[in-house]
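Colleague: Could you walk me through how to read a few features of a model like this one? I would like to begin with the way helices pack.

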Amino acid sequence: MQSKLFLIVAGCLVAGAPTSFLAQTYPQADVQYGARLYGQQCTVCHGATGDGVAGVDLRANRFKRSSTDNDLRTVISNGVAGTAMPPFKFDPPELTAVIAYLRNMRDFDSKTTLIGDAARGQVVFESKGECARCHRVNGKGSRVAPDLSDIGAIRTPDALRRVIVDPQADIRFANRSVRAVTKDGKVITGRRLNEDTYTVQLIDEQERLVSLVKANLREYGLVRQTSMPAYGDKLAANELADLLAYLLSLKGL
């Protein structure tokens, strides 16, 4: 009975059932971004429905040389020698997004899926979001919070969306602020830049570079709460999508 059940399950997998299963494992923000990249880079050969190349049906997850996500990464990054498939120089988040879209291509509905506009997102960033009060982009803005000039090349759409909607739930250790109290009672809070066994360098809340010797401190530790506001209730859905599109467009100078 067990062997018969195994054969049935294996047959379902070969028949293409994994598409719906895999769709559950990819964040929607990544899928949306991947759809945009696919439309820009892949439709010339593969077509909008993914069946423009003989023997390949991307929408049904039928590939000639790939089965796993790692296989897809290799083929997309390196191309296929002797064929029309060229190598693509995607940033890691872009590559993640393209694969997420390929795995969800069958169920993706462009008419109901909101994909933001980077130009409008920049307006949200600089006005309603007031993001430049803390963040810096391409030499403009504050240094209080991490520089976002190349954030689109290092963070996935889903990771960015989560930190925008609820930053407290997704604070990276490297981005936590620190609080120091000197032996004479002076309190210094800021963003840590460098730290070793004996010293720590940070940018304080007035954007001043501060270097501290740990032996001269009475207290020193991480600040558990982030100063970044949650935008889940502050931005409309279209504004959130536009802001995300803008951040994803930041690849550095």
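Modeller: Gladly. Axes are lines fitted to C-alpha atoms, for helices over the stretch in contact, and the angles between N-to-C directions run from 0 to 180 degrees. Two packed helices are then described by the angle between their axes and the distance between the axes. Keep in mind that this is a predicted model.

Colleague: At what angle do helix α7 and α9 pack, and how far apart are their axes?

Modeller: Helix α7, residues 118-126, packs with α9 at an angle of about 100°, and the two axes are 7 Å apart. Because angles of 65 to 115 degrees count as roughly perpendicular, α7 is roughly perpendicular to α9. On the α7 side the contact is made by A118, R120, G121, Q122, V124 and F125. On the α9 side it is made by E239, D242, L243, A245, Y246, L247 and S249.

Colleague: Which classes of residue make up the contact of α7 with α9?

Modeller: There are 7 nonpolar, 3 polar and 3 charged residues in it. D242 of helix α9 is a good one to look at. With 4% relative accessibility, D242 counts as buried, since the cut-off for buried is under 20%. Leaving aside residues up to four places away in sequence, D242 touches G116, D117, A118, R120 and G121.

Colleague: Let's turn to α6. Why does its end-to-end distance agree with its number of residues?

Modeller: The idea is to take 1.5 Å times one less than the number of residues. For the 13 residues of helix α6, residues 92-104, this gives an expected span of 18 Å, and the end C-alpha atoms are 19 Å apart, so the two agree.

Colleague: How many of the 13 residues of α6 are buried?

Modeller: The helix is mostly covered, with 11 of its 13 residues buried. Among them are P93, L95, V98 and Y101, and also the charged E94 and R103.

Colleague: Which side chain does R103 meet in a salt bridge?

Modeller: Here the general idea is a side-chain nitrogen of Lys or Arg within 4 Å of a carboxyl oxygen of Asp or Glu. R103 meets D69 in this way, at 2.9 Å from N to O. That pair links distant parts of the chain, as R103 lies in helix α6 and D69 in helix α5 (residues 69-78), 34 residues apart. R103 counts as buried because its relative accessibility is 4%, whereas D69, at 24%, counts as partly exposed. The structure holds 13 salt bridges.

Colleague: And which residues do salt bridges that share partners join into one network?

Modeller: Start from K251, which forms a salt bridge with E94, the closest N and O atoms being 3.1 Å apart. This pair also links distant parts of the chain: K251 is in the segment after α9 and E94 is in helix α6, 157 residues apart. K251 forms a salt bridge with D91 too, at 3.6 Å between the closest N and O atoms. Here K251 is paired with a residue in the loop between α5 and α6, 160 residues apart. Salt bridges that share partners thus join D91, E94 and K251 into one network.

Colleague: Is E94 buried or exposed?

Modeller: E94 has 11% relative accessibility, so it counts as buried. K251 counts as partly exposed at 31%, and so does D91 at 24%.

Notes:
Residues numbered from 1 in each chain as written. Predicted model: local features only at pLDDT ≥ 70, side-chain atom pairs only at ≥ 80, totals over all residues. Heavy atoms only, no water. Helix = DSSP H or I, 4+ residues; strand = E, 2+ residues; numbered from the N terminus. Buried < 20%, exposed > 50% of the residue type's maximum accessible area, 1.4 Å probe, protein only. Parallel < 35°, antiparallel > 145°, perpendicular 65-115°, else oblique. Contact = heavy atoms within 4.5 Å.
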